[in-house]
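Thanks for making room for me this morning. I would like to walk you through one model, beginning with its charged pairs and then moving on to its nonpolar parts and to how far it can be trusted.

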Amino acid sequence: MTSQTSAVEPRQRRPLRLAEVFLLILALAGGVGGFAMVGLSIRGELPDQFWFRSMLLAATALVAHIVLRLRAPWADQVILPAVVLLNGIGLSMIWRLEISDAAGMAPADAAGNMQATLLGAIIAFALLWVLKDHRWLRRYTYTAMVVGLLLIALPLIPGLGTEINGARIWINVGSFSLQPAEFAKIAFAVFFAGYLVTNRDTLALAGPKVFGLQLPRLRDLGPILLIWAASLAVLVLQRDLGTSLLFFGLFVAMLYQATARSSWIVLGLTLFAAGAVAAAQLFPHVGARIDVWLHPFDASQYDRDPGGSYQLVQGQFSMANGGLFGTGWGEGRPFQIPYAFSDFIYAALGEELGLTGLTAVILCYLLIVQRGLKSALSVRDGFGKLLAGGLAFAMALQVFVVVGGITRIIPLTGLTLPFMAQGGSSLLANWIVIALLLRISDSARRPSDLPVRGQVSVGPPAPEPEPILVGSGSDGGTPADGTPAAGTAAAGNLPRRRVADRAPGEDTSTAGSAPTEHISTEDPQHRGGERS
């Protein structure tokens, strides 16, 4: 019996993460290959510092892989390669726009974006090294709420916040500019996860029903109304429709994830739509965004400066020029799109990589989101489920808001495409999001020390089972006083054979005779047999 127990004992061997290594090689080939093709197409030679930048990107991927093998060996093996591929393609396009020497492309800075990528990766994997358990964040639930609200309010402080292109969402720190809302979304995700994991039963079950919708109690509406007011404040005071939609959409999605009630989606969309319509009527800059979205080809909208539809229309023309397979790296004219290196990098990629390239980019984002949601389903604690689901949805919503604005599905916003567009704040914040998703996926995939359904429990060898005596008599069975004898089963619980299973001619009477047979508890045919 001891040898059988040791034979089925599971061995938990740390994964080698070879799939991640293979995918990282492919991702680096895509990013570095795009960088090389840009130089060969435009200048006929490899770009300046080609080998240095390529080795720097490869070293970043290698260090990240080593950190994961040491500190999160069971983490998802697809997320990091997808991020490296997106980052490499984005750097190639930014450098392509930088060397175009177009008048509007002077702010394009591939070297600066590379530095932001390195800094974001260092912060992310330092966090992954230090944070051994994502559940540690739950103790800072309300601290995260305060931090998120403070980050939103920073651009409104005179002398600290600065307004660019009509939106007041940046702050100046020395020679650097940051967009605090990018970090606020992480703080809000931590707050929402901690708040909802504590109050989800109350939010799901308590409260009146109105027209079939389960509404929350008044005292449970406090945090919800606070976030609604904060998102509208971002929309009105900072003139940033995208960030406002991101915050409120994140909270509504996590509410639905926690309670599984569609009434929250209906209530959330109704509140946001009412606030957006009111803001469009009361504030001219919000109404102007709506007009540009609805009538971009009108001369009055196209020629208006600032705030016209020129950028949006140029992006539409650029993607149309790319067609199905694109013009090729360095062969298009994406520099004609204002801010093609940041807000409209998706349209710039559409011209040179075509619809096929844009589909590949979207699939990379879908892979990251799908893996994040899978980690949310697999992780064992409620806080981790909500946090992973919220962070994955936030990335999906941000991609939708950016791509939807460029393709005129929704009004244009000021958000940037994660990992691809130029912007230090976006890179730093989204690398931190990736670190948290990897930490949660490691916890979700890590083998549990507790036995689960279908798993053999490993422990000390079980004692050899004693046979059960069927029948009665002086050797065993039930004595005359009716008390079960020691070492025998209680009367009425004795497993019996069916009559059809007995041998021909066998005496079925057991009264006053010796036991008819010994039944081993290891025999599967007699476990839980029929009882007469």
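Asp76 and Arg371 form a salt bridge in this predicted model, and their closest N and O atoms are 3.0 Å apart. Asp76 sits in the loop between H3 and helix H4 (79-98), whereas Arg371 belongs to helix H14 (residues 345-378), so the pair ties together parts that are 295 residues apart in sequence. Both partners, Asp76 as well as Arg371, are buried. The pair does not stand alone either, since Arg445 is linked with Asp76 and Arg371 in a network of salt bridges. As a reminder of the chemistry, side chains of opposite charge can pair when their charged atoms come close.

How many salt bridges does a search of the whole structure find? The search gives nine, and I will mention two others here. The side chains of Arg17 and Glu20 meet at 2.7 Å, N to O, and Arg17 and Glu20 are both buried. Arg43 and Asp48 also meet in a salt bridge, at 3.4 Å, N to O. Are Arg43 and Asp48 buried or exposed? They fall in between, where the class runs from 20% to 50% relative accessible area: Arg43 counts as partly exposed because its relative accessibility is 42%, and Asp48 is partly exposed too, with a relative accessible area of 47%.

Let me turn to the nonpolar side chains, starting with the interior. The largest nonpolar core has 119 residues, and those that touch the most other members are Phe125, Phe192, Leu196, Leu349, Leu387 and Leu417. Taking Phe192 as the example, and leaving aside residues up to four places away in sequence, we find that Phe192 touches Ile227, Phe247, Leu250, Phe251 and Met254. Apart from the largest core lies another one, of five residues, including Leu241, Phe248, Val252 and Ala276.

There is also nonpolar material on the outside. Leu62, Ile66, Leu70, Trp129 and Val130 form a patch on the surface, and together they have about 510 Å² of accessible area. Helix H3 (50-71) and helix H5 (110-130) each supply at least two residues of this patch, with H3 giving the most, at three residues. Ile66, which is found in helix H3, is partly exposed, with a relative accessible area of 40%.

Stepping back to the chain as a whole, its secondary structure comes to 16 helices and seven strands. Of the 532 residues in the chain, 46% are buried, and the accessible surface comes to about 26200 Å², of which 62% belongs to carbon and sulfur atoms. Among contacts between residues at least 6 apart in sequence, 72% join residues at least 24 apart.

Finally, a word on confidence. The mean pLDDT of the chain is 80, and 78% of its residues reach 70 or more. Where is confidence highest, and where is it lowest? It is highest in H14, at 95, and lowest in strand S7 (residues 517-519), at a mean of 43. pLDDT stays under 50 over residues 1-10, where the model has seven contacts beyond four places in sequence, and again over residues 505-532, for which there are 39 such contacts. Where pLDDT is low, the predicted coordinates should not be read in detail.

Note on methods
Residues numbered from 1 in each chain as written. Heavy atoms only, no water. Patch = residues over 30% accessible without salt bridge, like charges linked within 9 Å, V, L, I, M, F, W, Y side chains within 5 Å. Areas by Shrake-Rupley, 256 points an atom, 1.4 Å probe, with all protein chains shown as cover. Salt bridge = Lys/Arg side-chain N within 4 Å of Asp/Glu carboxyl O. Helix = DSSP H or I, 4+ residues; strand = E, 2+ residues; numbered from the N terminus. Buried < 20%, exposed > 50% of the residue type's maximum accessible area, 1.4 Å probe, protein only. Contact = heavy atoms within 4.5 Å. Core = buried A, V, L, I, M, F, W, Y, C linked by side-chain atoms within 4.5 Å. pLDDT = per-residue confidence, 0-100.
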